[in-house]
Amino acid sequence: MEQRFTRMKFVMSTALIAGGLGACASEDTSALGSAEDAVQRQQFAGHVYAMTNSPDGNAIIHYGRRGNGQLVQLSTTLTMGIGSGFLEVPDLTTLTADPLQSQQALRLTADHRFLMGVNTIDHTIAVFRVGRDGELELTDVQDSGGLFPNTIGEHDDLVYVGNIGNPPIGVAGNVTGFRLLPNGHLIPIPSSTRQLSNPAISLPAHALFSKDGDRLVVSDLFAEELDVFPVLPSGRLGSPTITHSAGPHPLGMIFGKHDDLLVSESGETEGSSVSSYQLRGTRLDVVSASVPNGQAGGCWLSITPDGRFAFSGNTFAPGNVSTYAVNGRGELTLAVAAGAERTPDPRVGSTAPLDSFVTADGRYFYQHFGGLGVVGAFTIGRDGVLTAIPDGDGLGLPFVGSQGLDGF
């Protein structure tokens, strides 16, 4: 197997690079500031957060979510760290709209009290307290326990961070554990750092806890494996059970009903696919193996609360989202091959769908388009079809290079 997999190819002009594609939107570019606007903040149905990943100062853009699904840009909060912009880690030479090669570089805690994001260039994790109005207050910036953090998993007060490392120069990727205290501070768990199975090539693309928090699943993009670690009472991880991925280059994961695990597979020549597994203890049993969607670069997954529909973002040109129907046994059927289509910017060639999420009521779907610099807003039909919400998109992100999305 090749030790390097080129996940994204874009043609970008020198003028674009000189213009600073990774530059962060200016602070509070469309923030609501008056007393009347302060009241309006309380009227949002929820809140959405996107990370700029800017090399000029990483930041989180906060959007209010209206009851009709529209997003309103409210404020920008610095993470006090540095992102990679449109340069792919760890080599920082490849121009890409998928710089972190991961799912959930930005992570809300399940109770919506805290938001965590990676500062991948200075190898730190920023933690924010989420106010009642959705506004963010920085509470901690903690070393990530490795080089180039790119994914965050959380269950109760236990947090695991995936670090890409720099395998070409002998620095292996890992996952490292922390406790999140009620005051918003991250405390490293001693002796919690674990390498993956093949340090020369392993890249942790997504760290995801099982619903009960007893296991941590890590997708290994380049070794093409799924590692299931038992979580010990100390918060450290036991020895993993390693399953070879049913399809090439597993990246994003999501749990459906019960212990059904869905995994996106980002084939270059093979095309995109999604597999499903049943998690039994630390063993993964294949249910549906590599169900193709006819697209390319499938990387990120989200699912409706009832577990009926899963959405896979396909990053390679032109960029779109596939919908899969999921039955009660966790079996997958392709429902929509190419949805949520937008016109790509010709300078990039793809809309580059990255992270996404579905609201708790199952009505709305939000898709981060890394090749457009927007958060797309959609309604979810009963048949899983995505329909764009007029004037619903979240704006203000860098044109290329932003990564990380979460909300409620």
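**Exercise 1. The pocket lining**

Work out which strand gives the largest share of the lining of the largest pocket, and describe that lining.

*Solution.* Start with the strand: β25 supplies four residues, the largest share of the lining. Keep in mind that we're looking at a predicted model.

Next, bring in the other contributors. β25 (353-358) is one of the strands that supply at least two lining residues each, along with β4, β8 (149-155), β13 (204-209), β17 (250-255), β21 and β29 (405-407).

Now count the whole lining. It has 36 residues, and Q104, R107, I254, V358 and D406 sit nearest the pocket's centre. Sorted by class, the lining comes out as 14 nonpolar, 14 polar and eight charged residues. The space in this pocket is about 1,000 Å³.

**Exercise 2. V358, from the pocket to its contacts**

Take V358 and decide whether it is buried or exposed, then list what it touches.

*Solution.* First, place the residue: V358 belongs to strand β25, and it is one of the five lining residues nearest the centre of the largest pocket.

Second, check accessibility. The cut-off for buried is under 20% relative accessible area. V358 has 15%, so it counts as buried.

Third, look across the chain. S302 is 56 residues away from V358 in sequence, but their C-alpha atoms are 6.6 Å apart. S302 is also on the contact list of V358, together with I303, T304, P305, F311, Y364, F365 and I380, once residues up to four places away are set aside.

**Exercise 3. The nonpolar cores**

Find the residues with the most contacts inside the largest nonpolar core, and say which strands build that core.

*Solution.* Begin with the general idea: in soluble globular proteins, nonpolar side chains tend to be buried together.

Here, the largest core holds 36 residues, with Y49, I60, L115, V159 and L186 having the most contacts inside it. At least two core residues come from each of β1 (46-51), β4 (106-108), β5 (114-119), β6 (124-130), β9 (158-163), β10 (174-180) and β21 (298-303). β6 gives the largest share, five residues.

Zoom in on V159. Ignoring neighbours within four places in sequence, V159 contacts M116, I152, G153, E154, T176, G177, F178, L180 and L186. A second, separate core has 13 residues, including V48, L71, Y364 and I389. Y364 should ring a bell, as it also touches V358.

**Exercise 4. The chain as a whole**

How many helices and strands does the protein chain have, and what percentage of its residues is buried?

*Solution.* Count the elements: there are two helices and 29 strands. Then take burial: of the 408 residues, 62% are buried.

Now for contacts. Among those between residues at least 6 apart in sequence, 54% join residues at least 24 apart. Finally, the accessible surface is about 14,400 Å², and carbon and sulfur atoms account for 52% of that.

**Exercise 5. L334 in its strand**

Where does L334 lie, and which residues is it in contact with?

*Solution.* L334 is in strand β24, which covers residues 332-339. Partly exposed runs between the buried limit of 20% and the exposed limit of 50%. L334 has a relative accessible area of 32%, so it is partly exposed.

T323 is 11 residues away from L334 in sequence, with 6.3 Å between the C-alpha atoms. Beyond its neighbours within four places, L334 contacts V291, P292, N293, S322, T323 and Y324.

**Exercise 6. Backbone oddities in the loops**

Track down cis peptide bonds and positive phi angles, then place each one in its loop.

*Solution.* Take the cis bonds. V89 and P90 are joined by one, with omega about 10°, and P90 is in the loop between β3 (71-78) and β4. Another runs from A317 to P318, with omega near 5°; P318 is in the loop between β22 (309-314) and β23 (320-326).

Now turn to phi. A352, not a glycine, has a positive phi of about 55° and lies in the loop between β24 and β25. D391, also a residue other than glycine, has phi near 55° and sits in the loop between β28 (386-388) and β29.

Last, compare their burial. A352 has a relative accessible area of 0%, so it is buried, whereas D391 is at 73% and counts as exposed.

Methods
Residues are numbered from 1 along each chain as its sequence is written. This is a predicted model: local features need pLDDT of at least 70, side-chain atom pairs count only at pLDDT 80 or more; totals for chains, interfaces and linings use all residues. Side-chain values use heavy atoms; hydrogens and water are left out. A nonpolar core is a set of buried Ala, Val, Leu, Ile, Met, Phe, Trp, Tyr and Cys residues joined through side-chain atoms within 4.5 Å. Buried means under 20% relative accessible area, exposed over 50%, partly exposed in between (1.4 Å probe, protein chains only). Contact means heavy atoms within 4.5 Å. Accessible areas come from the Shrake-Rupley method with a 1.4 Å probe; for residues, only the protein chains shown count as cover. On a 1 Å grid over the protein atoms alone, a cavity is a set of points where a 1.4 Å probe fits but cannot get out, and a pocket is an open set with protein on both sides within 12 Å along at least five of seven lines; lining residues have an atom within 4 Å of a point. Grid points are joined across faces, edges and corners, and a volume is the space filled by probe spheres set on the points. Ala, Val, Leu, Ile, Met, Phe, Trp, Tyr, Cys and Pro count as nonpolar, Asp, Glu, Lys and Arg as charged, and the others, Gly among them, as polar.
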